[in-house]
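Dear colleague,

I am passing this structure on to you, with some notes on what turned up in it. Please look through it first and then read on.

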Amino acid sequence: YAQVPTDVAGVSLSALPKVSLTGLLPKCSQLSTLLPAGSTLLSGGLTGTLSTLGLSDAAAPLCTALGGSLAISPVSVDAIDAVTVALDERIITPALDVATGLPVSLTGATESGNFDSPSYLGVGAGDTSKPTSAVAARTRKVLAGAPNSTLNLSGLVSGAIDGLPLFPPVPGGTGALSTVSAVVSSLQSSSDAAVAAVGNALAGLPATDQTGVLSGLTPLVAGTPVATLIETVLKKISGTYRSFPRLTADLSGAPTGSYTGTMTITFVQQ
């Protein structure tokens with residue numbers, strides 16, 4: 001074998017995370033500080049019942065869903081209680097240790113010896129000097145494998161995605177667990193009617209407005225995260241195992257001529 005008997009190339013993990021979203025939605029009186037400039041929910045003039053909050057009348061459905069009246073001092077909003085957010089599948093390319101980071105670790109086997117009983121199947125079928133009776137081909141183990149704990153993979157997957165923000169700070173951004181639209185959809189499907197109403201009110205708004213409103217989420221308990229990774233389902237692992245055994249040929253005493261043969265290596269996973 002070469003110095004390292006096995007190598008692995010192109011390994012990627014496909015994971016489907018689940019996140020629990022728990023927190024307080026912003027109040028109607030906070031929207032003017034959260035919405036992006038140019039939002040139609042912001043007042044363009046000093047008219048309308050919400051103008052004292054810096055909002056236009058178009059914000060009325062959202063303010064109603066958030067639990068606030070159209071008065072200057074809206075009532076406290078309802079909390080989001082453990083909404084499970086459906087996230088998109090993520091492809092992760094981790095740095096893996098060949099010995100411990102894969103489902104099966106492969107090493108060079110210590111079995112050595114000669115292939116002194118060849119198979120005459122295939123290209124050897126026409127060999128005129130082959131034995132008249134069938135002879136079992138000699139096999140030698142060139143690789144050995146052992147299962148690893150999937151806890152190693154679980155840690156790699158969770159470590160690659162845990163701590164990422166729930167959605168990008170700007171629509172279409174990257175580096176987040178999911179998207180604002182996925183969060184809004186989860187709010188809409190909540191069994192809590194008040195939370196579902198907020199999701200429905202947000203669903204009709206531009207993505208920039210949705211992002212602004214949801215950026216105002218605050219924890220139910222100070223110091224705790226709004227979004228918590230509660231489960232990561234590992235869907236599949238793809239990659240290629242490679243091994244480079246060294247074989248030698250002893251030509252002493254061999255008849256002169258051309259030789260053709262096939263070496264078959266079988267990888268068996270139990």
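Which residues does Leu-31 touch, not counting residues up to four places away in sequence? Leu-31 touches Leu-55, Leu-62, Cys-63, Leu-66 and Val-213, where contact means heavy atoms within 4.5 Å.

Please keep in mind that this is a predicted model, in which local features need pLDDT of at least 70 and side-chain atom pairs count only at pLDDT 80 or more, while totals for chains, interfaces and linings use all residues. Residues are numbered from 1 along each chain as its sequence is written, and side-chain values use heavy atoms, with hydrogens and water left out.

The largest nonpolar core (buried Ala, Val, Leu, Ile, Met, Phe, Trp, Tyr and Cys residues joined through side-chain atoms within 4.5 Å; buried means under 20% relative accessible area with a 1.4 Å probe, protein chains only) has 33 residues, of which Leu-31, Leu-55, Leu-62, Leu-202 and Leu-214 touch the most other members. At least two residues of this core come from each of β1, α2, α4 (180-188), α5 (193-203) and α6 (207-214), helices being DSSP runs of H or I with at least four residues and strands runs of E with at least two, numbered from the N terminus. Another core, of five residues, lies apart from it and includes Val-8, Leu-13, Ala-15 and Val-157.

The structure also holds one disulfide, a pair of cysteine sulfur atoms within 2.5 Å, formed by Cys-28 and Cys-63 with their sulfur atoms 1.8 Å apart. Cys-28 lies in the loop between β1 (6-24) and α1 (31-34) and Cys-63 in helix α2 (residues 60-65), so the pair ties together parts that are 35 residues apart in sequence. Cys-28 is buried, at a relative accessible area of 1%, and Cys-63 is buried at 0%.

With best wishes

Terms used. Buried < 20%, exposed > 50% of the residue type's maximum accessible area, 1.4 Å probe, protein only.
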